[in-house]
Amino acid sequence: MVTGPRAMAARPGGPLTGTLSVPGDKSISHRALMLGALSVGETAITGLLDAEDVQATAAAVEALGATVERGDSTRVWGRGVSGLAEPADVLDMGNAGTAARLMLGVLAGQPFTAFMTGDASLRRRPMNRVIEPLSRMGAQFLARSGGRLPLAITGRPDLLPYDGALPVASAQVKSAILLAGLAAPGETRVVEPAPTRDHTERMLRAFGADLSVQDTDAGREIRLTGEAELDARPVQVPADPSSAAFPLVAALLVPGSEVHLPAIGMNPHRTGLFTTLREMGAAIEVANEREQAGEAIADITARTSRLRGVAVPAERAPSMIDEYPILAVAAACADGPTTMHGVGELRVKESDRLAALAEGLTACGVPVEAGDDWLTVHGCGGPVPGGETVATHMDHRIAMSFLVLGLASRHGTAIDDAGAIATSFPGFAELMQRARAGIAAAG
Ligand code: S3P
């Protein structure tokens, strides 16, 4: 069934309260399905994110011959590192950049040709960043100009191991190389210019891969022994800190609020937003820090806070790369300017996020300046004017960010299309309504 755009609106109202269960981590969910497909035995995954991006990964691993059974937990039966089967049809990765790039790493080590496409947003995103290193390893590609989807990849199980620096500080690129390296005889060595989320490394180790990490002068170096055999392991997916960010910032901005967010993923490469918000004066309490299946988690409480603008250093970008849209919303309500440095990567996310933020914030009455890789938001020192409909450009995080801004505005906001929210945070509107936020379908 083809449905049209679904407008949604947010209006200012009373305090947000309650304990909110945020869905599972998207990054970890993709990886759990892929490692499940590459290992021998049954991988039982609890807390898997049931959102469109992860459904695309599940459908792809099934098309490649793995068995996926959905129930209270999701169970995957894999086929071994180079044992996947040629898919009978094009793999459609929908809106999911992580699924597409990691899956190309998986496919690089398989002895067949596969075809991949995605939605209009994904077909605009650069794939050369994975095509280049995977080609160096021996995979072959036929792609649209600029290395864009749709593309065809022909893999081979006797890839050359990768040895060198990552072309860009990207966990997706690093993970694609490591997943390909599983099939390559010999040792794959990747050096990251800046540390990025390490879910792949943690999970590979848990599945029995021989992988080591050390800090060197050139950056963080990861070594992986190829021709690996992975043993299926249970995976418990923590709640996604990138999704928790939306109710958390809403609570900071709406007067009188206090929300509790239990069991949130606290991988140190994901917590840059919490650091930045605290520097801005946010009351964020982190309690019960513990480990769950190799990942740090904790319970978070956020209370309404008066925020002040800050400068966010470029080095922090990898640890909060998905959180700049919601940070920009917090900054819009803060006292004084907030400048985000080194954020050029935002131009190649689900949308050009710097452009989408500048356009939406300006429409809502918030002064903004943007450069190639920086953004300054001049805070209104309280509720922003609002009163506008913002274009989401098929980007879930732009959609949720501008709904949160509406809660902290004088006249509310609307978004032209809430459809993309289902890619990462199904039930977002309902969860916010349970906290008493005035978010509802518009029109
Ligand atoms: C992700 C890595 C990040 C992030 C994306 C998820 C991952 O992308 O933006 O949402 O799961 O590896 P980059 O690695 O391209 O920065």
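Modeller: A residue is called buried when its relative accessible area is under 20%. Bear in mind, too, that we are looking at a predicted model.

Colleague: Thanks! Let's begin with the aromatic residues: are Phe-246 and Phe-428 buried or exposed?

Modeller: Phe-246 sits in helix H7 (residues 241–253) and Phe-428 in helix H12 (residues 428–434), with these positions 182 residues apart, so the pair links distant parts of the chain. By the cut-off of under 20%, both Phe-246 and Phe-428 are buried.

Colleague: What kind of pair do the rings of Phe-246 and Phe-428 make?

Modeller: The ring centres of Phe-246 and Phe-428 are 6.3 Å apart, and a pair needs centres within 6.5 Å. Their planes meet at 80°, while planes over 60 degrees apart fall into one class. The pair of Phe-246 and Phe-428 is therefore edge-to-face.

Colleague: Which residues form the aromatic cluster?

Modeller: The structure has two aromatic pairs. Besides the pair of Phe-246 and Phe-428, Phe-425 pairs with Phe-428, at 5.2 Å centre to centre and 70° between the planes. Phe-428 takes part in each pair, and the one cluster is made of Phe-246, Phe-425 and Phe-428.

Colleague: On to the annotated positions. Which "binding site" residues does the lining of the largest pocket include?

Modeller: In an unreviewed UniProt entry, the annotation "binding site" covers Lys-26, Gly-97, Arg-125, Gln-172, Arg-353 and Arg-397. Of these, the lining of the largest pocket includes Lys-26, Gly-97, Arg-125, Gln-172 and Arg-397.

Colleague: Which side chain makes a polar contact with that of Gln-172?

Modeller: Gln-172 belongs to helix H5 (residues 171–181), and it is buried because its relative accessibility is 13%. Leaving out residues up to four places away in sequence, Gln-172 touches Gly-97, Thr-98, Arg-101 and Leu-102. The polar contact is 2.5 Å, and the partner side chain is that of Arg-101.

Colleague: Why does Arg-397 count as buried, and what is its relative accessible area?

Modeller: Arg-397 lies in helix H11 (residues 396–407). Beyond four places in sequence, Arg-397 touches Lys-26, Ser-242, Phe-246, Asp-322, Pro-325 and Arg-353. Arg-397 counts as buried because its relative accessible area is 3%.

Colleague: Which residue has a side-chain oxygen at the start of H10 that reaches the backbone nitrogen of Leu-354?

Modeller: Helix H10 (residues 353–363) has several buried residues, among them Arg-353, Leu-354 and Leu-357. Those buried residues pack against helix H9 (324–332), strands S20 (368–370), S21 (374–380) and S22 (388–390), and H11. As for the start of H10, the backbone nitrogen of Leu-354 has within 3.3 Å a side-chain oxygen of Asp-352.

Colleague: Which residue with a positive phi follows H10?

Modeller: After H10 comes a residue whose phi is near 90°. This residue is Gly-365.

Colleague: Last one: how many disulfides does the structure hold?

Modeller: A disulfide would need two cysteine sulfur atoms within 2.5 Å. For Cys-333, the closest cysteine sulfur is that of Cys-380 at 6.9 Å, which is too far for a bond. Cys-364 is in no disulfide either, as its nearest cysteine sulfur, also in Cys-380, is 9.7 Å away. For the structure, the number of disulfides is zero.

Methods:
Residues numbered from 1 in each chain as written. Heavy atoms only, no water. UniProt positions renumbered as here; feature names shortened; annotations may be inferred. 1 Å grid on protein atoms, 1.4 Å probe; cavity = no way out; pocket = protein on both sides within 12 Å on 5 of 7 lines; lining within 4 Å. Helix = DSSP H or I, 4+ residues; strand = E, 2+ residues; numbered from the N terminus. Buried < 20%, exposed > 50% of the residue type's maximum accessible area, 1.4 Å probe, protein only. Contact = heavy atoms within 4.5 Å. Polar contact = N/O pair within 3.5 Å; in protein donor to acceptor, adjacent residues only side chain to side chain. Phe/Tyr/Trp six-rings, centres within 6.5 Å; stacked < 30°, edge-to-face > 60°.
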